[in-house]
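Visitor: I would like a close look at a single part of this model. Please take it step by step.

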Amino acid sequence: MSTQSSSSLQIHARPTGFGARVSGLDLSQPMPADLRAELNAAFAKHAVLYFPDQPLTIEQLEAFTLQFGEFGVDPFIKPLENHPHVLELRREADEKAVNFGAAWHSDWSFQQEPPAATILISKVTPPVGGDTLFADCCQAFEDLSLTMQQWLSGLKAVHSAVRPYGRSGVFANETESRSMKIVTGVEAEKTFTHPVVRTHPVSGRQALYVSPTYTLGIEGLSEAESEHILAFLFARVTQEKYVYAHKWSQNMVTIWDNRTTLHNAGGGYDGHLRVMHRTTVAGERPVYVA
């Protein structure tokens, strides 16, 4: 039985409130209901939580993930053997391929029910580079004029994995070898429509829900109109004031909310091995609630 309690939990938020360091927990141990509730509340508030010095095994990472919900579905990357819900994000020291995830996106937004959260643990951490950039899609929306908020809230966008994972996508056309086993093909060319602005099911805050990687266009607009509106939104949400550069350390666990953030995996560690293990938490179909 777990001896952990909510009294040991310490949340150290960044000055903007976007992102927070969490201490006072041992993630290898199960959490009682009150502690899970407090952690979930902090997650809804801060969107990115990180836990230093948590040397979890793969099995412990799986158990920690299940305390947030069921596993999400990860369709285009082969998982670890005997661990169908765990991906190994590995880049060898001599690899030349662009580091995986090096473009702004919300994980698997091309699914009908995209994952609510992603959990990542750094197992082999390079001495340089490798920051993950997170963008605050709630604040970027809330700072828009009321007129723009209202107009965007009536729009729907088309999402697809075709650009990275389709038969003619980025990964299908790679010429450099890659340690990670990526699956490409026709399945990645399906599309799903989601609201441009989605409402968080816990906090009730509204966030822009589009990304350069997975959003193809906006329903009802011409291609040129879509391009202009999406370019404006992409530039807006990735402004410096909305972006947090997350620095990793060995055995750090980080969980982020795919419903209210975009992220971008930075490089800068050529010549160094990097290994991370990743899970996702199942989510719901995005909705907008006025």
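Visitor: Is Cys-138 buried or exposed, and at what relative accessibility?

Guide: Bear in mind that this is a predicted model. Cys-138 has a relative accessibility of 4%. The cut-off for buried is under 20%, so Cys-138 counts as buried.

Now take Cys-137. Its relative accessibility is 2%, and Cys-137 is therefore buried as well.

Next, the sulfurs. A disulfide is a covalent bond between the sulfur atoms of two cysteines. For Cys-137, the closest cysteine sulfur belongs to Cys-138. The distance is 7.4 Å, which is too far for a bond. The cut-off for a disulfide is within 2.5 Å. Seen from the other side, Cys-138 has the sulfur of Cys-137 as its nearest cysteine sulfur, at 7.4 Å, and takes part in no disulfide. The count for the structure is zero disulfides.

Now look at strand 6, which covers residues 132-136. Strand 6 belongs to an open sheet of three strands, in the order 12-6-14. The pairing in this sheet is antiparallel. Strand 12 (243-246) and strand 14 (261-265) are the edge strands, and each of them pairs on one side only. On average, neighbouring strands here are turned by 20° against each other, with direction ignored. Between strand 6 and strand 12 there are four bridges, in the antiparallel sense. To find this pairing on screen, start at Thr-132: its bridge partner in strand 12 is His-246.

Then move to strand 13, residues 253-257. Five of its five residues are buried, so strand 13 is largely enclosed by the rest of the structure. Its side chains go two ways. Val-253, Ile-255 and Asp-257 point one way, while Thr-254 and Trp-256 point the other way. All of these residues are buried.

Strand 13 has pairing partners too. One is strand 3 (residues 48-51), joined to strand 13 by four bridges and running antiparallel to it. Here Leu-49 has Ile-255 as its bridge partner. Another is strand 5 (residues 117-124), which also runs antiparallel to strand 13, with five bridges between them. In that pairing, Asp-257 of strand 13 stands opposite Ala-117.

Back to your cysteines, in brief. Cys-137 is buried. Cys-138 is buried. Their sulfurs are 7.4 Å apart, too far for a bond.

Methods
Residues are numbered from 1 along each chain as its sequence is written. This is a predicted model: local features need pLDDT of at least 70, side-chain atom pairs count only at pLDDT 80 or more; totals for chains, interfaces and linings use all residues. Side-chain values use heavy atoms; hydrogens and water are left out. Buried means under 20% relative accessible area, exposed over 50%, partly exposed in between (1.4 Å probe, protein chains only). Helices (H or I, at least four residues) and strands (E, at least two) are DSSP runs, numbered from the N terminus. Two strands pair if DSSP finds at least two bridges between them. Axes are lines fitted to C-alpha atoms, for helices over the stretch in contact, and angles run from 0 to 180 degrees between N-to-C directions.
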